[in-house]
Amino acid sequence: MADKSTTVEKVIDPIIDLGNLLFVDRDPIEGDALENLATRARNNTQLLFNNIWQLEQKRIDEAITVALPLGTYRIPREKKLPEKKEPTKWEKYAAEKGIVKRKKDKKVFDEVTKEWKPTYGYRRANDPTKDWVIEVPDNAEDPNKDYFAERKEKKKERMAKNEMQRLKNLARQMKTTVKTGPSTEKMIGVGVDAKEKSKQQVRFAVDRAKISTASAGKFQEGLKGEKKNIKTGKKRKFEANEAPVSSEKERSMKILQTMKAKKAKIIEEKASAVAGPIADKPKFDPKKRKSTKSEPTRQKSQIHRQTWFKNKVDAKKKGTAGAGKSKGKGKK
Amino acid sequence: MVKSKATSKRVEKVKTKKGKRVLEDRASKTVENDKKALFCRGAKTNEILNSAMADLYDLKKPLTVKMDKHNQYHLFEDETPVVRAGSKFDSSLFVLASNSKKRPNSMTFGRTYDAQLLDMVEMKIVAYQSSSNFEAPKQTLASKPCVILEGAAFESDPDMKRVGNLMIDWFRGPNVDRIRLEGLETVIVFTAVDETHLAMRVYRPLLKKSATATPRVELAEMGPSLTFEVLRKKLADEMLFKLACKKPKALLKKRRKNLSEDVFGNQLARVHVGKQRTDDIQVRKVKALKKTPLVEAPPAENPIEIDED
C-alpha cells in the first residue's frame, strides 16, 4: 500500500517564492547529501505543491489554473532601470494646451478609385504626388512656373526641418547642443589640407622633407635666411619604476573623470544626411528641368513590381487566384 | 567599466519598422523580458559536454541562443567576448563548455547586467547521466519549471549562496502570472553537497490521489543528472549586485498613509474630515430661512435682490 499522506515536516521554515515556483530548503542535510536525493526532492516538491494548491484556482477551457503572485526572491535585472524620457518640445506644448493625440484610421476610402486604401505610405489614398495636373492659380506671378517641382522642393524642406527639430529634441534630452555647419571631426587617414596647416606644421613638413634624402639631408642647401632644422622629435618620458601609489591613483582617476564627463555629440551634418541639405540648393530653373539628371529615375524593377501588384489586385477582383498569368488557363 | 550615459541613446533615425520593433524589444523596461541564455562552445569540447549542453538546451528552450562553433574563449582571462556576444543576441545568461587538460569537462555558467559581467562560475562535471537514459517523458516546450534548492551551504557560504541565486536565475524559466496545475512538469533540484560540490537533478512530478485536496506527489527522474565541482568563480561585489537588483519605483507598492492592518486582516484607517462650513452649504431655499436685511432699504426704482445661498 502506497503512502498517501501529503504532509511534510520541516524543522526550519523554508523559503517559498510562488511567483518563481521556487523552494529553498533550509534544513541541514543529515548524512551523505548524495544519498536520499530523490526522497528529499519528493518531500520538498510535495511541500511546494501543497502551497501552490492553496492558491486561488480558476478553470479556463477545461484546465485548472492558479494565479501566481509576484516573485519575492531577489534576482538581478538584465538591464539598467529605464531612464525617464524628457518630453519633446511639442509634447510639452501639447500637454500645456491639453492637446491629445488622435489616432487616424489605417485605411481610408478613396473616392476616385472607390477602394479602401492606406492612409499613409505606398499606394495611399489621395496621394498628392500622383496628381497629373496642378491648377495654376489666377493670381500667379509666373504662370510658367513648375508647380510640381515646387511641391517636391517644399516637401524636402519640410523633411529637413523636421529632422533638425528631431535632433534638437534629442540634444535637449542628452543635454548637449546640435553642432551645425561643416564637420570639424578629423578624418582618419587623411592629412591636414595644405591650406589649413599652421606655420609650425609647414615648418615641420619642410624639415622632414629635407632630411628625407639618401644622405639624410646632409647636402641639402638651405634657402637664404632660412633657419636651421629644429629638432622636432619628442623624447618619450617614462614614469619612475618606483613611485607612490597615490599619484598613480590620481592619474587614473583623472582619466576616469574625463571619460565620464564626455558627452555625446550630435553633428547635424552627419545625422541629417538622410533629409539632405536645406540651404545651398541650386535655384530652380524651369527651362533646365528636363536636362537635370539629379532627379531619381524610376527603376525598371520598380515598374515591374507595380504592374505585378496591379495584376494581382485585378485578378483578385475577377476572382482568379495568383498574379499575372495564371497557369491553369491552358487546361480549360 | 564606465559607460557614458548619453551614448546609450541613438542619434540615427531607425530606418525600418522592423528595426524599430527590435530596438524597442531590446530597450530597458520596467517589466523586463525573460532572460535568454546563450549556449557557447569553448575551444575544445568532448562528448560529455556536447551531450550535457544539448540536455540543458532542451531544458531551457525556447529562451535560448546557440553558438555552435568552437570559440577560443577563456573567460577567466577575458570575459568580454561572451559578454559582447550576449549583448549582440540580447541574452544575458550564458554557459560556456570547454574541455582542457587542466580543467576537464568544465562548464562556465554566468550572467550579465547592463552589458557587463555580473556573476560567473566555472564548474567541472564530476558525474553525468544524459536525459536519454531516463524513461520519464520529457517536459513540453516553454513550460515553467519548479526550482528547489537544498543544502546548508546555500545558506552558510556567501559564494555558494550567490551560485544558488545564479542557478535560480538561470533555470527559473519564463515569467508567468497564471499557471496550469497539470502543466507543472519539471522540478529542478540543486543540492549543495558541500562548499564546492553541487548536484543537479531534474524530475517529473507525478500527481497521485491522496486523502486531502492536494495530490500526493511522486517523482520520476527525467534527466539530465549532473554533479558539479565548483572550480573558479568571479562574482559581482555587493555594490554591483545591489545595483542590479534595484527595483523600479513603478513596481514598488506605494505605502498608504494612516492605514494599518490588524492580526485578523482587517484594514484600519484614520480618516480626516474637513471642517464643515454649514453657513455656506447649499440647503433648501425657503423664504423663512432667508436673511432679511437689518435696515430696510429705501424703495428704489430697481430693487436689488439679495440672494443668500
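A residue is called buried if 20 or more other C-beta atoms, placed from the backbone, lie within 10 Å of its own, exposed if 12 or fewer do, and partly exposed in between. This is a predicted model, in which local features need pLDDT of at least 70, side-chain atom pairs count only at pLDDT 80 or more, and totals for chains, interfaces and linings use all residues. Residues are numbered from 1 along each chain as its sequence is written, while chains are lettered from A and ligands numbered from 1 in the order in which they are written.

**Exercise 1. Describe each chain by its secondary structure and its buried residues.**

Step 1. Helices (H or I, at least four residues) and strands (E, at least two) are taken as DSSP runs, numbered from the N terminus. On this basis chain A has 7 helices and 8 strands, and chain B has 6 helices and 13 strands.

Step 2. Of the 332 residues of chain A, 10% count as buried, and in chain B buried residues make up 31% of the 309 residues.

Step 3. Two residues are in contact if their C-beta atoms, placed from the backbone, lie within 7 Å. Among contacts with a separation of 6 or more, residues 24 or more positions apart account for 54% in chain A and for 67% in chain B.

**Exercise 2. Work out which parts of chain A touch chain B.**

Step 1. The contact between the chains takes 53 residues from chain A and 59 residues from chain B.

Step 2. On the side of chain A that touches chain B, the elements giving two or more residues are β2 (22–24), α1 (37–53), β4 (63–67), α3 (147–174) and α5 (245–261). Of these, α1(A) gives the most, with 12 residues.

Step 3. Sorted by class, this side of chain A has 32 nonpolar, 8 polar and 13 charged residues, where Ala, Val, Leu, Ile, Met, Phe, Trp, Tyr, Cys and Pro count as nonpolar, Asp, Glu, Lys and Arg as charged, and the others, Gly among them, as polar.

**Exercise 3. Trace the sheet that contains strands of both chains.**

Step 1. Two strands pair if DSSP finds at least two bridges between them. β3(A) and β4(A) pair in the antiparallel sense over 4 bridges, with Q57(A) opposite V66(A) and K58(A) partnered by T65(A).

Step 2. β3(A) and β4(A) also form a hairpin with 2 residues between them, and D61(A) in the turn has a positive phi of about 50°.

Step 3. Across the chains, β4(A) pairs with β7 (residues 178–180) of chain B in the antiparallel sense over 3 bridges, and the bridge partner of V66(A) in β7(B) is I179(B).

Step 4. The 3 strands therefore form an open sheet in the order β3(A)-β4(A)-β7(B), in which β3 (57–60) of chain A and β7 of chain B stand at the edges, each with a single partner strand, so one side of each is left without a neighbour in the sheet.

**Exercise 4. Locate the nonpolar cores.**

Step 1. A nonpolar core is a set of buried Ala, Val, Leu, Ile, Met, Phe, Trp, Tyr and Cys residues joined through C-beta atoms within 7 Å. The largest has 66 residues, and V95(B), V147(B) and I148(B) have the most contacts inside it.

Step 2. Helix α5 (residues 158–171) of chain B gives the largest share of this core, 7 residues.

Step 3. V147(B) touches residues of both chains, including L21(A), L22(A), I168(B) and F171(B), not counting residues up to four places away in sequence.

Step 4. A second, separate core of 5 residues includes L167(A), L170(A), A171(A) and M174(A).
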